[in-house]
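What follows is a walk through one structure, taking its main pocket before its salt bridges. Please keep the sequence and the 3D view open while reading.

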Amino acid sequence: MILLPYPPSANRYWRTFRGRHVRSADAVQYRGEVMSRANIYGLHLLVCPVRVRVTLHPKLTLKGAASRTRIDLDNCCKVVLDALQGVAYYNDKQIEDLHLLLGPAMSDGGLSVHVEAMG
């Protein structure tokens, strides 16, 4: 399992530049953080079908409750699966089992991600 920072919005992840879709500066920064954490946690590139479990942890408010303003679970999934491509698996086509969950809140929010080989 790897703990990742709270992801940027999918609306801020891609930009159109000269008719092409490219990653935004936020996306490049987030992907860099994912790569760095993957190295720290010892995550290695899998070449087989994979199972991915993503748990979104909303940010805590100053009152200690889960923030009601959070990224949509499906958009969170798109962002993190793209950021893990080339880090945990070569291509997201390798994902054959995907679980998305809303977990408990944490101070700055984040994602718990578990990637494992299937079979």
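Helix H2, residues 25-41, supplies the largest share of the lining of the largest pocket, with four residues. The model is a predicted one. The full lining consists of Pro5, Tyr6, Pro7, Pro8, Arg12, Asp26, Gln29, Tyr30, Glu33 and Lys59. Sorted by class, five of these are nonpolar, one is polar and four are charged. The space in this pocket comes to about 170 Å³.

Glu33, one of the lining residues, also takes part in a salt bridge with Arg37, where the closest N and O atoms lie 2.8 Å apart. Both partners sit in helix H2, and because they are four residues apart, about one helical turn separates them. Glu33 has a relative accessibility of 32% and is therefore partly exposed. Arg37 is partly exposed too, at 25%.

How many salt bridges does a search of the whole structure find? The count is three. Besides the pair in helix H2, there is a bridge between the side chains of Arg51 and Asp97, with an N to O distance of 2.7 Å. It joins distant parts of the chain, since Arg51 belongs to strand E4 (residues 50-57) and Asp97 to strand E5 (residues 95-102), 46 residues apart.

Arg51 also bridges to Glu116, the closest N and O atoms being 3.1 Å apart. This pair too links distant parts of the chain: Glu116 is in strand E6 (residues 110-117) and Arg51 in strand E4, 65 residues apart. Arg51 is partly exposed at 27% relative accessibility, and Glu116 is partly exposed at 29%. Together, Arg51, Asp97 and Glu116 form a network of salt bridges.

Key:
Residues are numbered from 1 along each chain as its sequence is written. This is a predicted model: local features need pLDDT of at least 70, side-chain atom pairs count only at pLDDT 80 or more; totals for chains, interfaces and linings use all residues. Side-chain values use heavy atoms; hydrogens and water are left out. On a 1 Å grid over the protein atoms alone, a cavity is a set of points where a 1.4 Å probe fits but cannot get out, and a pocket is an open set with protein on both sides within 12 Å along at least five of seven lines; lining residues have an atom within 4 Å of a point. Grid points are joined across faces, edges and corners, and a volume is the space filled by probe spheres set on the points. Helices (H or I, at least four residues) and strands (E, at least two) are DSSP runs, numbered from the N terminus. Ala, Val, Leu, Ile, Met, Phe, Trp, Tyr, Cys and Pro count as nonpolar, Asp, Glu, Lys and Arg as charged, and the others, Gly among them, as polar. A salt bridge is a side-chain nitrogen of Lys or Arg within 4 Å of a carboxyl oxygen of Asp or Glu. Buried means under 20% relative accessible area, exposed over 50%, partly exposed in between (1.4 Å probe, protein chains only).
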